[in-house]
Amino acid sequence: TEATGYGLIYFVEEMLKEAGKTINGQTVVISGAGNVAIYAVKKAQELGAKVVAMCDSSGYIFDEDGIDLPLVQQIKEIERKRIKEYAVRKPSAKYFEGNKGIWTVKADVVIPCATQNEIDLNDAKIIVENGTFAVGEGANMPCTNEAEQYFLEKGILLAPSKAANAGGVATSALEMTQNSMRLSWSFEEVDEKLHGIMVNIFKNTRDAAKEYGFEGNYLVGANIAGFIKVADAMMAQGIV
């Protein structure tokens, strides 16, 4: 359940380290309130980040004290209620109708985990104006092409979804390995292996971008690294 959200933060942390930064001490906005968002919040908080906003399809919450994740989980996972209930129970929080407004919240790192195309060009401009220096894509293609290009033009660190949210698929492969080998790994062992996989995915993305003249452009790096991996497999199988 935690795999995609945890893996996302592991990738973002590696990207920040490469730039001489860390997620520790950063203010973070994470959209969504499902599995990816909830466990991205959990791992970001474990690594020292202050997550101040989340949303569902009806609106978003802002909590300057930092999101109380157990409360969010109680509301969303157990009671199955709307996220506005959070503001009713938490005096420090505010609720705003409409989830688009979440991108007006100032943050060092923005992590869209809700849905495809949730950040368009106008949102991207607001995010950059607010001083954000990194964006990590948790949902599948949460930024439009125009938004991604704008981030890259402005020098924003961008973790593309095809690499950054690979944790779920990676952990499925670990489950298959356990089944095939009749093994039973603990949660901690699986998490450690996931961490290592995400570090390697980042390194492959970084190295491909650098090798082909796009150093620091992880969108291009992920595209090239992914293409080469598939091409190599096809050639090894004699398909091409």
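**Entry 1. Lys90**

Leaving aside its neighbours within four places in sequence, with which residues is Lys90 in contact? I put this to the model, which is a predicted one. I found Lys90 in contact with Asp63, Gly66, Asp68 and Leu71, its neighbours within four places in sequence being left aside. I then looked up the place of Lys90 and found the loop between helix H4 (85–89) and strand E4 (93–97). Is Lys90 buried or exposed? I noted a relative accessible area of 18% for Lys90. Buried means under 20%, so I entered Lys90 as buried.

**Entry 2. Asp65**

I turned next to Asp65, whose place is in the loop between strand E3 (59–63) and helix H3 (69–78). The relative accessibility of Asp65 is 55%, and I entered this residue as exposed. With neighbours within four places in sequence left aside, I found Asp65 in contact with Lys50 and Ser92. I also looked up the separation of Asp65 from Ile75: the two are ten residues apart in sequence, and their C-alpha atoms are 18 Å apart in space.

**Entry 3. The protein as a whole**

I then took up the overall figures. How many helices and strands does the protein have? I recorded ten helices and seven strands. The radius of gyration is 18 Å, close to the 18 Å that the globule rule gives for 240 residues, so I noted the protein as being as compact as a globular protein of that length. Along the principal axes, the C-alpha atoms fill a box of roughly 60 × 45 × 30 Å. Of the 240 residues, 48% are buried. I also looked up the contacts between residues at least 6 apart in sequence, and of these 63% join residues at least 24 apart.

**Entry 4. Helices H5 and H6**

At what angle do the axes of H5 and H6 cross? For helix H5 (residues 121–129) and helix H6 (residues 145–153), I found a crossing of roughly 25°, with the axes coming within 8 Å. Angles under 35 degrees count as roughly parallel, and I therefore entered H5 and H6 as roughly parallel to each other. The crossing in which H5 passes H6 is right-handed.

I listed the residues that meet. From H5 these are Leu121, Ala124, Lys125, Ile127 and Val128, and from H6 they are Glu146, Ala147, Tyr150 and Phe151. By class, I recorded seven nonpolar, no polar and two charged residues in the contact of H5 with H6.

**Entry 5. Helices H9 and H10**

I went on to H9 and helix H10 (residues 218–236), which pack at an angle of about 100° with their axes 7 Å apart. The range from 65 to 115 degrees counts as roughly perpendicular, and I therefore entered H9 and H10 as roughly perpendicular to each other. From H9, Phe202, Asn204, Thr205, Arg206, Ala208 and Ala209 meet Tyr218, Gly221, Ala222, Ile224 and Ala225 in H10. I divided the residues of the contact of H9 with H10 into seven nonpolar, three polar and one charged.

**Entry 6. Two residues of H9**

I looked up Ile201, which lies in helix H9 (residues 187–211). Not counting residues up to four places away in sequence, Ile201 touches Phe11, Ala163 and Ala166. Gly167 is 34 residues from Ile201 along the chain, and I noted 9.8 Å between the C-alpha atoms of the two.

Lys210 is also found in helix H9. I entered Lys210 as exposed, with a relative accessible area of 52%. Lys210 and Ile197 are 13 residues apart in sequence, and I noted 20 Å between them in space, C-alpha to C-alpha.

**Entry 7. Positive phi values**

Most residues other than glycine have a negative phi. I looked up two residues against this background. Where is Met141 found? I found Met141 in the loop between strand E6 (134–136) and H6. Phi of Met141 is near 50°, a positive value in a residue other than glycine. At 47% relative accessibility, I entered Met141 as partly exposed.

Arg182 is found in the loop between helix H8 (167–181) and H9. Although Arg182 is not a glycine, I recorded a positive phi of about 55° for this residue. Is Arg182 buried or exposed? With a relative accessibility of 73%, I entered Arg182 as exposed.

Conventions:
Residues numbered from 1 in each chain as written. Predicted model: local features only at pLDDT ≥ 70, side-chain atom pairs only at ≥ 80, totals over all residues. Heavy atoms only, no water. Axes fitted to C-alpha atoms, helices over the stretch in contact; angles between N-to-C directions. Helix = DSSP H or I, 4+ residues; strand = E, 2+ residues; numbered from the N terminus. Parallel < 35°, antiparallel > 145°, perpendicular 65-115°, else oblique. Left-handed = near helix turned anticlockwise from the far one by under 90°. Contact = heavy atoms within 4.5 Å. Nonpolar A, V, L, I, M, F, W, Y, C, P; charged D, E, K, R; others polar. Buried < 20%, exposed > 50% of the residue type's maximum accessible area, 1.4 Å probe, protein only. Rg over C-alpha atoms; globule rule 2.2 N^0.38 Å.
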